[in-house]
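Here is a short guided tour to read with the model open beside you. We begin with the whole chain and then visit the core and a few individual residues.

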Amino acid sequence: MRVVLIGPPGAGKGTYSEYFTKKYCIPHISTGDIFRAEVAKKSELGLKVKEYLDRGELVPDEIVVEVVKRRLSEPDTKRGFILDGFPRTIKQAQELEKITPLDAAIHIYISEEEAVRRLSNRYVCPVCGRVYNLTYNPPKNDLTCDYDGAKLVRRSDDEPEVIRRRYQVYYQTFSPIIEYYKEKRLLVEIDNTIGSDKGIPLLERILVDKGILRIKPCVT
């Protein structure tokens with residue numbers, strides 16, 4: 001299963017990726033994670049990336065494409081991959097086609113109002129890093145961590161006005177990519193307003209029926 005994963009903040013991409021990664025041993029590849037790791041290691045690539053990030057600029061397509069190409073050549077991608085955060089431009093999408101064929105582009109979506117509702121209810125423990133959601137996974141005691149009793153905080157990017165801006169910027173960036181894959185008949189869309197517990201089995205069945213998911217669950 002070789003897929004690109006698209007979805008705005010709060011849509012549940014992480015939950016979907018974790019399910020397919022664990023069940024089928026398909027690596028979830030985030031270009032953002034790769035860049036952060038390289039910057040932390042102070043590798044040659046990391047130093048290049050840091051220069052652009054420090055200037056508030058996007059990392060050039062040629063560097064991003066080379067990073068993805070290198071990652072997709074690693075042995076763990078033999079069963080497939082879930083690409084998250086790439087491609088972000090039509091040029092990157094075209095370059096990806098030269099590296100590997102794709103089975104699908106999966107668009108997991110929710111409305112802007114649903115994104116605000118979900119993310120504005122998210123709180124984090126500043127001590128242990130555990131994440132709570134007042135709707136789906138609330139703490140036992142009011143806004144305090146179940147494990148260490150620390151006062152939970154809401155991250156600045158989970159404030160409602162920031163969520164709306166992040167949501168709008170996301171679709172400004174990815175709408176051309178969604179249309180690109182729709183024209184190529186590779187787009188699979190899931191409305192995750194129903195929740196991941198219902199959406200994941202639905203997506204799994206669609207992928208099996210389309211012949212995209214062609215491997216058995218792995219043994220870990």
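How many Å apart are the mean positions of the positive and negative charges of the protein? In this predicted model, the answer is 4 Å, taken over 37 positive and 33 negative charges.

**The whole chain**

The protein folds into 8 helices and 7 strands. Its radius of gyration is 18 Å, close to the 17 Å that the globule rule gives for 220 residues, so the protein is as compact as a globular protein of that length. Along the principal axes, the C-alpha atoms fill a box of roughly 50 × 45 × 35 Å.

If you look at how the chain packs against itself, 70% of the contacts between residues at least 6 apart in sequence join residues at least 24 apart. Of the 220 residues, 46% count as buried. On the outside, the accessible surface comes to about 12200 Å², and carbon and sulfur atoms account for 51% of that area.

**The nonpolar cores**

In soluble globular proteins, nonpolar side chains tend to be buried together. Here the largest nonpolar core holds 55 residues, and the members that touch the most others are M1, L83, L96 and Y181. Helix α7 (residues 160–183) supplies the largest share of this core, with 9 residues. Another core, of 7 residues, lies apart from it and includes C125, Y132, A150 and L152.

Y181 is a good residue to click on. Leaving out residues up to four places away in sequence, Y181 touches V4, P87, A93, L96, L102, A105, L186 and L187. Two of these names come up elsewhere in this report: L96 is one of the best-connected core members listed above, and P87 takes part in a cis peptide bond.

**Helix α6 and what covers it**

Which residues of helix α6 (residues 112–119) are buried? They are E114, A115, V116, R118 and L119, so the list holds charged residue types such as E114 and R118 along with nonpolar ones. The cover over the buried residues of α6 includes β5 (122–124), β6 (131–133) and α7.

**Backbone details worth a look**

The peptide bond that joins F86 and P87 is cis, with omega about 0°. P87 sits in the loop between β3 (81–84) and α5 (90–99).

Two residues other than glycine have a positive phi. K42 has a phi of about 60° and lies in the loop between α2 (31–41) and α3 (44–54). For R185, phi is near 60°, and this residue is in the loop between α7 and β7 (187–191). Are K42 and R185 buried or exposed? K42 counts as exposed because its relative accessibility is 64%, and R185 counts as exposed because its relative accessibility is 79%.

**Three partly exposed residues**

P217, D157 and V39 fall into the class between buried and exposed, and the table gives their values.

| Residue | Relative accessible area | Class |
|---|---|---|
| P217 | 47% | partly exposed |
| D157 | 29% | partly exposed |
| V39 | 23% | partly exposed |

P217 belongs to the segment after α8 (196–209). Although P217 and C25 are 192 residues apart along the chain, their C-alpha atoms are separated by 7.6 Å. Which residues does P217 touch, not counting those up to four places away in sequence? They are K23, Y24 and R79.

D157 is placed in the loop between β6 and α7. Beyond its neighbours within four places in sequence, D157 is in contact with V162, I163 and R166. D157 and A37 are 120 residues apart in sequence, and their C-alpha atoms are 22 Å apart in space.

V39 is part of helix α2. With neighbours within four places set aside, V39 contacts G46, V49 and K50. From V39 to V49, 10 residues on in sequence, the C-alpha distance is 7.0 Å.

Methods. Residues are numbered from 1 along each chain as its sequence is written. This is a predicted model: local features need pLDDT of at least 70, side-chain atom pairs count only at pLDDT 80 or more; totals for chains, interfaces and linings use all residues. Side-chain values use heavy atoms; hydrogens and water are left out. Helices (H or I, at least four residues) and strands (E, at least two) are DSSP runs, numbered from the N terminus. The radius of gyration is taken over C-alpha atoms; the globule rule is 2.2 Å times the number of residues to the power 0.38. Buried means under 20% relative accessible area, exposed over 50%, partly exposed in between (1.4 Å probe, protein chains only). Contact means heavy atoms within 4.5 Å. Accessible areas come from the Shrake-Rupley method with a 1.4 Å probe; for residues, only the protein chains shown count as cover. The place of a charge is taken as NZ of Lys, CZ of Arg, CG of Asp or CD of Glu. A nonpolar core is a set of buried Ala, Val, Leu, Ile, Met, Phe, Trp, Tyr and Cys residues joined through side-chain atoms within 4.5 Å.
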